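Q: I'd like a close look at one residue in this model, with enough of the surrounding chain to place it. Could you walk me through it?

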Amino acid sequence: MTDVVDSDELLRRIQRARACAHQEERAWRDRREGLGAADPDPARDAVVRALAYETVVRVLDEILTPGKHGEQG
């Protein structure tokens, strides 16, 4: 990636990435709810993926609005 981008474009890209991660998180949570106990391995995979996307959303939130969410742990 050799393109030089200004701060507004960088902000737009981060916002798009956050929106995409949030959408994926919802999709994996919906998938997990649809699987249930009948499919334990795919349900577990859906849980892990939803948590991963949740983490990405939280990191991007912190980049976009530093300190807004406070200390979480």
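How many helices and strands are there in the chain? And once that's clear, where does Asp61 lie, and is Asp61 buried or exposed?

A: Quick heads-up: this is a predicted model. The chain has two helices and zero strands. Asp61 sits in helix α2, which covers residues 40-64.

Now for the close-up. Asp61 has a relative accessibility of 14%, and because buried means under 20%, Asp61 counts as buried. Leaving out residues up to four places away in sequence, Asp61 touches Arg18 and His69.

Let's set that against the whole chain. Of its 73 residues, 15% count as buried, and Asp61 belongs to that group. The chain's radius of gyration is 16 Å, while a compact globule of 73 residues would come in near 11 Å. The C-alpha trace tells you about the extents too: along the principal axes it spans about 50 × 30 × 15 Å.

As for contacts, take those in the chain with a separation of 6 or more: residues 24 or more positions apart account for 54% of them.

On the surface side, the chain exposes about 5,600 Å², and carbon and sulfur atoms supply 54% of that area. If you care about electrostatics, the chain carries 12 positive and 15 negative side chains. The centres of those two sets lie 2 Å apart.

So, back to the residue you asked about: Asp61 is a buried position in helix α2, with Arg18 and His69 as its contacts beyond four places in sequence.

Terms used
Residues are numbered from 1 along each chain as its sequence is written. This is a predicted model: local features need pLDDT of at least 70, side-chain atom pairs count only at pLDDT 80 or more; totals for chains, interfaces and linings use all residues. Side-chain values use heavy atoms; hydrogens and water are left out. Helices (H or I, at least four residues) and strands (E, at least two) are DSSP runs, numbered from the N terminus. Buried means under 20% relative accessible area, exposed over 50%, partly exposed in between (1.4 Å probe, protein chains only). Contact means heavy atoms within 4.5 Å. The radius of gyration is taken over C-alpha atoms; the globule rule is 2.2 Å times the number of residues to the power 0.38. Accessible areas come from the Shrake-Rupley method with a 1.4 Å probe; for residues, only the protein chains shown count as cover. Lys and Arg count as positive and Asp and Glu as negative; His and the chain ends are not counted. The place of a charge is taken as NZ of Lys, CZ of Arg, CG of Asp or CD of Glu.
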